[in-house]
Amino acid sequence: QLQLMESGGGLVQPGGSLRLSCATSGFTLDYNAIGWFRQAPGKAREGVSCISASGGSTNYADSVKGRFTISRDAAKNTVYLQMDSLKPEDTGSYYCAAAHLYTTVQAMCVSHEVDYWGQGTQVTVSS
């Protein structure tokens, strides 16, 4: 059974950093694109960053470019989202998602072509 488990959320002050982890089971990262999405109260879910099955392609929302970095550790079946220079507008529930092998990072992050979702982890940026 395919599962995605997020961790690493919490409360952080503006300008601080957090690293989110998405531990996967039931499949290998070599055959699935993985993405991070977020949803703030009253707003639509948005694609934050996605990484291809090969790890060779990534996509970032304009609002996080230069501040967030997505990476993967295939040996641990885990994908990370390093979030630096956090802003209050980064507050929201962050979800890990998986898509099948041939889904591009653009299709996943922009068009939300996702096949599996995690339960989410809360990130709050506040002083």
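# Strands, cores and salt bridges: how do we know?

Modeller: Let's start with β3 and β8, which pair in the antiparallel sense over six bridges. Please keep in mind that this is a predicted model.

Biologist: What makes β3 and β8 a pair?

Modeller: Pairing needs at least two bridges, and β3 and β8 have six, so they qualify as a pair. For one example, take Leu 18, whose bridge partner in β8 is Met 83.

Biologist: Which sheet holds β3 and β8, and in what order do its strands come?

Modeller: The order is β1-β3-β8-β7, four strands in an open sheet with antiparallel pairing.

Biologist: Why are β1 and β7 called edge strands?

Modeller: Each of them pairs on one side only. From one strand to the next, the twist averages 15°.

Biologist: How do you know that β11 pairs with β2?

Modeller: The count of bridges tells us: there are three between β2, residues 10–12, and β11, in the parallel sense. Since at least two are needed, the two strands count as paired. Strand β11 also pairs with β9, over three bridges in the antiparallel sense. Val 123 of β11 appears in both pairings: it is the bridge partner of Gly 10 and of Gly 92.

Biologist: What makes the side chains of β11 alternate?

Modeller: Thr 121, Val 123 and Val 125 point to one face and are buried. Gln 122 and Thr 124 point to the other face and are not buried.

Biologist: Which residues have the most contacts inside the largest nonpolar core?

Modeller: They are Ile 34, Trp 36, Phe 68, Val 79, Leu 81, Met 83 and Tyr 94, in a core of 25 residues. Several strands feed this core with at least two residues each, among them β3, β4 and β11. Apart from it lies another core of nine residues, including Ala 33 and Val 105.

Biologist: Which residues is Phe 68 in contact with, leaving aside its neighbours within four places in sequence?

Modeller: Its contacts include Leu 81, Met 83 and Tyr 94, as well as Arg 38 and Asp 90.

Biologist: Why is the link between Asp 90 and Arg 38 called a salt bridge?

Modeller: The cut-off is 4 Å between a side-chain nitrogen and a carboxyl oxygen. The closest N and O atoms of Asp 90 and Arg 38 are 2.9 Å apart, so the pair meets the cut-off. Asp 90 lies in the loop between β8 and β9 and Arg 38 in strand β4, so the salt bridge ties together parts 52 residues apart in sequence.

Biologist: What else does Asp 90 meet in a salt bridge?

Modeller: Arg 67, at 2.8 Å from N to O. Arg 67 sits in the loop between β6 and β7, 23 residues from Asp 90. Both residues are buried, and Arg 38 is buried too. Together with Glu 46, the residues Arg 38, Arg 67 and Asp 90 are linked in a network of salt bridges.

Biologist: How do you know whether Lys 65 is buried or exposed?

Modeller: Exposed means over 50% relative accessible area. Lys 65 has 53%, so it is exposed. Asp 62 has 66%, so Asp 62 is exposed as well. The side chains of Lys 65 and Asp 62 meet in a salt bridge at 3.1 Å, N to O.

Biologist: How many salt bridges does the structure hold?

Modeller: The structure holds four.

Methods. Residues are numbered from 1 along each chain as its sequence is written. This is a predicted model: local features need pLDDT of at least 70, side-chain atom pairs count only at pLDDT 80 or more; totals for chains, interfaces and linings use all residues. Side-chain values use heavy atoms; hydrogens and water are left out. A nonpolar core is a set of buried Ala, Val, Leu, Ile, Met, Phe, Trp, Tyr and Cys residues joined through side-chain atoms within 4.5 Å. Buried means under 20% relative accessible area, exposed over 50%, partly exposed in between (1.4 Å probe, protein chains only). Contact means heavy atoms within 4.5 Å. Axes are lines fitted to C-alpha atoms, for helices over the stretch in contact, and angles run from 0 to 180 degrees between N-to-C directions.
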